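Biologist: Before I rely on this model, I would like a close look at how its chain is cross-linked. Please take the links one at a time, and then describe the surroundings in as much detail as you can support.

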Amino acid sequence: ISSPPVASEQTLAAIVCGGSNGCRNNAEMVDPTESHEVRCCSETAKDGWVKKNNCEVWGASKVPTCFHGEDLATAEAICQAEEARLCTAEELYDKCAKGSGCGHDSDLIWSSFSVTVDPIPPVAPAHYLACGGSQQSCAGTIETADNDEYHEVRCCSDSLIQGWNKRNGCDVWSASEVPICFHKENFVGAKSVCAANGARLCTTEELISDCTKGTGCNHDSDMLWSSTPV
């Protein structure tokens, strides 16, 4: 008797805007087989690579030439061949490789941040969104969204995570930079980002009770994914 086939593990990887032009602070979790631009980071100085004052790495776009359409595995290999690595999502978000050429300041660049997708499908085809802050125009608002829609992400944890915020009257710790701001994720992507941080999506009650308020990314005025199914 043959065993049932085992579903292959699906991953998503973060692409992050290379500069402040066009894509600004955009970031998305995408399939690793998609084609995107490549920049590399090094923890040691390299001739011709750039180092920003607020960064601890050197960044480059010509590695040794410009790459405008590579999948994640190829991007990793390109950086390894330069005795470097893909920049982390935080390094790209902090513009550590900005201005290093190839027109990549307007592009979404492969980062080293990736997540594993839960193989168990969502319990419902739609989930509730809730406003991130009670002092915003969306205060108290709850809406429904199909799982394939794109919305902002905040995460909650039932136990302490270093650097996360816990507000009076709430039983959870929360964060918006997970590890960077995400403004455009579908439900599965949002849930996977939180899980990769050892956390979960917040419930609608936690969101409208201001348990995540003030954690950054300007999400207080956004309609955020919740874990609450429709």
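**The disulfides and their surroundings**

Modeller: C156 and C202 are both buried, where buried stands for under 20% relative accessible area, exposed for over 50% and partly exposed for the range in between, with a 1.4 Å probe and protein chains only. This is a predicted model, in which local features need pLDDT of at least 70 and side-chain atom pairs count only at pLDDT 80 or more, while totals for chains, interfaces and linings use all residues. Residues are numbered from 1 along each chain as its sequence is written, and side-chain values use heavy atoms, leaving out hydrogens and water.

The two cysteines just named, C156 and C202, are joined by a disulfide with an S to S distance of 2.1 Å, a disulfide being a pair of cysteine sulfur atoms within 2.5 Å. The link of C156 and C202 is right-handed, with 95° about the S-S bond. Because C156 sits in strand β10 (residues 155-157) and C202 in the loop between β12 (200-201) and α4 (204-208), this pair ties together parts that are 46 residues apart in sequence; helices (H or I, at least four residues) and strands (E, at least two) are DSSP runs, numbered from the N terminus. The structure holds ten disulfides, and two others can be set beside this one.

One of them joins C181 to C217, with their sulfur atoms 2.0 Å apart. About the S-S bond of C181 and C217 the value is -85°, and the link is left-handed. Since C181 belongs to the loop between β11 (173-175) and α3 (187-196), and C217 to the loop between α4 and β13 (223-229), the pair ties together parts of the chain lying 36 residues apart in sequence. Neither end is at the surface by the cut-off given above, as C181 is buried and C217 is buried too.

The other is formed by C40 and C79, whose sulfur atoms are 2.1 Å apart. The torsion about the S-S bond of C40 and C79 is about -85°, so this disulfide is left-handed. C40 lies in strand β3 (residues 40-42) and C79 in helix α1 (residues 72-81), which puts the linked positions 39 residues apart, and the pair thus connects distant parts of the chain. Both ends of this link, C40 and C79, are buried.

From C181, whose loop runs between β11 and α3, one can move on to helix α3 itself. At the start of α3, a side-chain oxygen of N186 comes to within 3.4 Å of the backbone nitrogen of V188. Within the helix, the buried residues of α3 are F187, G189, A190, S192, V193 and C194. Just after α3, G198 adopts a positive phi of about 70°.

The start of α3 can also be viewed from N147, a residue in the loop between β9 (142-146) and β10. N147 counts as buried because its relative accessibility is 13%. Apart from its neighbours within four places in sequence, N147 is in contact (heavy atoms within 4.5 Å) with N186 and F187, as well as with P122, A124, P125, A126, H127 and W225. Two of these partners have been met already: N186 is the residue whose side-chain oxygen reaches towards V188, and F187 is among the buried residues of α3.

How values were computed:
Polar contact = N/O pair within 3.5 Å; in protein donor to acceptor, adjacent residues only side chain to side chain.
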